[in-house]
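Student: I am new to this structure and would like a close look at one part of it. Please take the salt bridges, and then say what else stands out around the chain.

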Amino acid sequence: MNYIFYYFGEIPKHVEYSINSVLNSDPNSQIFFCSEDKINFKNVHHVEPSKVISDLTQSIINLDYFKDGDQNPLWASSMMRMFFINDVAKSYDLNSYIHFDSDVMCYKSFDELSSCFNETKFNITPLMDEFLVFGYSYIPSILIYDEILKTVYDILSNSVFYEKEFYNGNRLTEMKTLFIAYALKPDLFNLLPVLPQEKVVFDPGSYGQYLGGVHYKRFSKKYINIEHIVGRAIKNKEIDITKINGYPKVKHNSNIYDLANLHVHKKNLQKFTPGNFEWKTR
């Protein structure tokens, strides 16, 4: 399977752990890394954003939605990556691919997870009731994702209306914009299971925060955000989280469920590498 990463700015060390987790768990993977900062990792194709940028992406740049205000600068780069990953896919003729944040550990191959995906929809993890996040996503078709990006562009072009309608007048984030696109066109989306249903559970971010903590707090292991879908389940003792042989697991009604991925907000990905981890980028 194809995996596309995107990073804006100087690339931190934890990114290499994320890439290696893919190369370890899915040996047949092909990885594309889109960034202005050059990388020289083995088994990774580096892609310069300026070489693949599309007219739609340029239109989003020209829109400059985040030009005013004191919002986090990461909001703009997070919004832009939605478009650049599609530009990479089109430039390299990748009809289907996986994308997630660069602080995610991947523990399962695409083949192991394929039964969880809908091949006619955009597969992505919900974080809160009204937020979708790239904890893990699978795009089975460029045509499907094109429709979503056009919807996102329409939302940002009419942002005042959607800010009032969906977000109490607040500035839209990537996660909120994706949810609005889902609300407008639910038939294009498949929300991946973040609580135990089948044999595998996906982490939108809550499991990683519980096991590793949050980035802005030094001692924050077992962090729970009750606004998160998973956070509420942990708080209500509906599920428990543990590690077995280096792999994070979810316990529910005496059953053990594998985590497909771990979204490590603390960025300490090295703590979540399984015992058989190998460096494949060096």
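Tutor: What follows starts with the salt bridges and then turns to a surface patch, a hairpin and some unusual backbone angles.

The model is predicted. A search of the whole structure finds 13 salt bridges. Side chains of opposite charge can pair when their charged atoms come close.

Start with Arg81, whose side chain meets that of Asp101 in a salt bridge, 2.6 Å from N to O. This pair links distant parts of the chain, 20 residues apart. Arg81 belongs to helix H4, residues 74–91, while Asp101 sits in the loop between strand S4 (97–99) and strand S5 (104–106). Both Arg81 and Asp101 are buried.

Arg81 also forms a salt bridge with Glu174, and here the closest N and O atoms are 2.7 Å apart. Again distant parts of the chain are linked: Arg81 in helix H4 and Glu174 in helix H8 (residues 174–184) are 93 residues apart. Arg81 counts as buried because its relative accessible area is 6%, under the 20% cut-off. Glu174, at 7%, is buried by the same rule. Taken together, Arg81, Asp101 and Glu174 are linked in a network of salt bridges.

Helix H8 takes part in another such contact, through Lys176. Lys176 forms a salt bridge with Glu130, with the closest N and O atoms 2.9 Å apart. The two residues are 46 residues apart, and the pair links distant parts of the chain. Glu130 is in the loop between strand S6 (122–128) and strand S7 (131–139). How does each partner stand with respect to the surface, buried or partly exposed? Lys176 has a relative accessibility of 2%, so it counts as buried. Glu130 has 38%, so it counts as partly exposed.

Now to the surface patch. Lys221, Lys222, Lys243 and Lys271 form a positive surface patch. Of these, Lys243 can be followed into the strands, as it lies in strand S10, residues 240–244. Lys243 is partly exposed because its relative accessible area is 37%, which falls between the cut-offs of 20% and 50%.

Strand S10 pairs with strand S11 (residues 247–252) in the antiparallel sense, over five bridges. Across from Lys243 in this pairing stands Pro248 of S11. S10 and S11 form a hairpin with two residues between them. One residue in the turn, Asn245, has a positive phi of about 55 degrees.

That angle leads to the last topic. Most residues other than glycine have a negative phi, and most peptide bonds are trans. Ser254 is not a glycine, yet its phi is positive, at about 70 degrees. Ser254 is found in the loop between S11 and strand S12 (255–259). With a relative accessible area of 78%, Ser254 is exposed. Asn43 has a positive phi too, of about 65 degrees, although it is not a glycine. The place of Asn43 is in the loop between strand S2 (30–35) and strand S3 (44–47).

Definitions and conventions. Residues numbered from 1 in each chain as written. Predicted model: local features only at pLDDT ≥ 70, side-chain atom pairs only at ≥ 80, totals over all residues. Heavy atoms only, no water. Patch = residues over 30% accessible without salt bridge, like charges linked within 9 Å, V, L, I, M, F, W, Y side chains within 5 Å. Areas by Shrake-Rupley, 256 points an atom, 1.4 Å probe, with all protein chains shown as cover. Salt bridge = Lys/Arg side-chain N within 4 Å of Asp/Glu carboxyl O. Lys, Arg positive; Asp, Glu negative; His and termini not counted. Charge placed at Lys NZ, Arg CZ, Asp CG, Glu CD. Helix = DSSP H or I, 4+ residues; strand = E, 2+ residues; numbered from the N terminus. Buried < 20%, exposed > 50% of the residue type's maximum accessible area, 1.4 Å probe, protein only. Pairing = 2+ DSSP bridges.
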